[in-house]
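Here are my notes on the model, set out as numbered points. Please read them with the structure open.

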Amino acid sequence: MMLSDFTFDEFVLFAKKMGLPAFRGEQFFDAVYSGKTLEDVSNLPKALKDIIEPYYPKYKITQKLVSKDGTQKFIVEFYDGNIVECVLMKYKYGFTACLSTQVGCRMGCKFCASSLNGLARNLSAGEILGQAILINKEIGGSRKERKLTNIVLMGSGEPLDNYDNVLKFIKLISSSRGFNISERNISLSTCGLVDKIEKLKEENLNITLSISLHATTDEKRAEIMPIANRYKIQGIIKACKDYYEVTGRKIYFEYTLIKGVNDRDEDFQNLARLLKGFLCHVNVIILNEVKERNLQGTSRLFAENFVEKLKKQGISATIRRTMGEDIEGACGQLRNKILKNNKKFNLKK
Ligand code: SAH
């Protein structure tokens, strides 16, 4: 465990175990949340830095790309040389960070870059938090003056395939002692691991659940998402309804339009039928092209039409604005390609 995996109370306990007064624990906490390297932390004596060095997080930003729309993509490297990508988007209401939950992904969706190399490993809660800490620092924030306002768990990885660490991350980042980001400002996107949705429901969190649906029949879904062989659409919808019953949180469905695959008239009709009468919102995404994947996005006009037709059926829907496409920072474009040249990379299963 690294210090970034600790709750505030655990920091204080850690200090105590080291024979130090509680206020040192608080200083360590501030140091970690500042996103500074231990070297750059100025209010700790060298002797104390030596004590905490083995526990101090080693993650760092190794590269930053800026899109012409202002979106920024960061390459974050961890202690073992594994890297993930995360994205910062500026909106009118604040800054949203799109964080990765795994190095790579094992879900194997046919349109997504994140699973091109399979799953390398899970990220710990502290490593997911670390991305937020580093991004907050990049935009001039600290713990006390946090600039980051929203979190979306929509980077590489399947959050519910790394359930315990993701849940712990949500607790850490929403803790009033930490960044104090309200659960309402956190979205978790999943390809639909039904048993984990049922489990998450029991936590009764105020986070927003997004479901990557992308198809309206199990056969069609299985063509593009292998997970559909395990979990059926009806089961997903039922789990979503249960989730809504318990938490009162509106469910978001993501529907990425792929030309000739899931954008036909019958797809829209099935979708309208599936969701009718359920308080939810559909985020229509036009496929962002991934060069290794031989799929094309639907035209903008077609997508607008799709949304209009859904609305006519009484289903709330919008097209999600694509951001950061020129730096491969848009939905489904996050990957770990830099690892191909990284000798330290080790594909642990
Ligand atoms: N594994 C989670 C988190 C990823 S979120 C999930 O499946 O939901 C990223 C979102 O972008 C998901 O809805 C995903 O299906 C979608 N996506 C993946 N590849 C895409 C692409 N090439 N173009 C547009 N959206 C894509």
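**Notes on strands, a buried threonine, the ligand and the domains**

1. Start with the turn between β2 and β3. These strands form a hairpin, with five residues between them. G81 sits in that turn and has a positive phi of about 90 degrees. Keep in mind that this is a predicted model.

2. Next, the pairing within this hairpin. β2 covers residues 72-77 and runs antiparallel to β3. Six bridges join the two strands. One pair to check on screen is E77 with I83, its bridge partner in β3.

3. β3 also pairs with β4. The sense is again antiparallel, here over five bridges. β4 spans residues 94-98. The connection is a hairpin through two residues. For a register check, take L88: its bridge partner in β4 is A97.

4. How many of the nine residues of β3 are buried? The count is seven, so the strand (residues 83-91) is largely enclosed by the rest of the structure. The cut-off for buried is under 20% relative accessible area.

5. Follow the chain past β4 to T101. This residue lies in the loop between β4 and β5, the latter being 102-104. Is T101 buried or exposed? Its relative accessible area is 1%, so T101 counts as buried.

6. What does T101 touch, leaving out residues up to four places away in sequence? Its contacts are N122, L123, I128, L153, S156, G157, E158, P159, N162 and V166.

7. Now the ligand site. There are 20 residues around the ligand. Those that come nearest are F111, S189, S212, H214 and N288.

8. Three polar approaches to the ligand deserve a look. E254 places a side-chain N or O atom 3.3 Å from an oxygen atom of the ligand. T256 has a polar side-chain atom 3.4 Å from a ligand nitrogen atom. C331 uses its backbone instead: an N or O atom there lies 3.4 Å from a nitrogen atom of the ligand. As for cover, the ligand has 540 Å² of accessible area on its own, and the protein covers 95% of that.

9. Last, the domains. The chain is divided into domain 1, residues 1-57, and domain 2, residues 58-341. Their C-alpha centres lie 32 Å apart. The contact between them takes 19 residues from domain 1 and 17 residues from domain 2. The β2–β3 hairpin, with G81 in its turn, can be viewed against this division.

Methods
Residues numbered from 1 in each chain as written. Predicted model: local features only at pLDDT ≥ 70, side-chain atom pairs only at ≥ 80, totals over all residues. Heavy atoms only, no water. Buried < 20%, exposed > 50% of the residue type's maximum accessible area, 1.4 Å probe, protein only. Helix = DSSP H or I, 4+ residues; strand = E, 2+ residues; numbered from the N terminus. Pairing = 2+ DSSP bridges. Contact = heavy atoms within 4.5 Å. Near = heavy atom within 4 Å. Polar contact = N/O pair within 3.5 Å; in protein donor to acceptor, adjacent residues only side chain to side chain. Areas by Shrake-Rupley, 256 points an atom, 1.4 Å probe, with all protein chains shown as cover. Domains from an automatic or database assignment.
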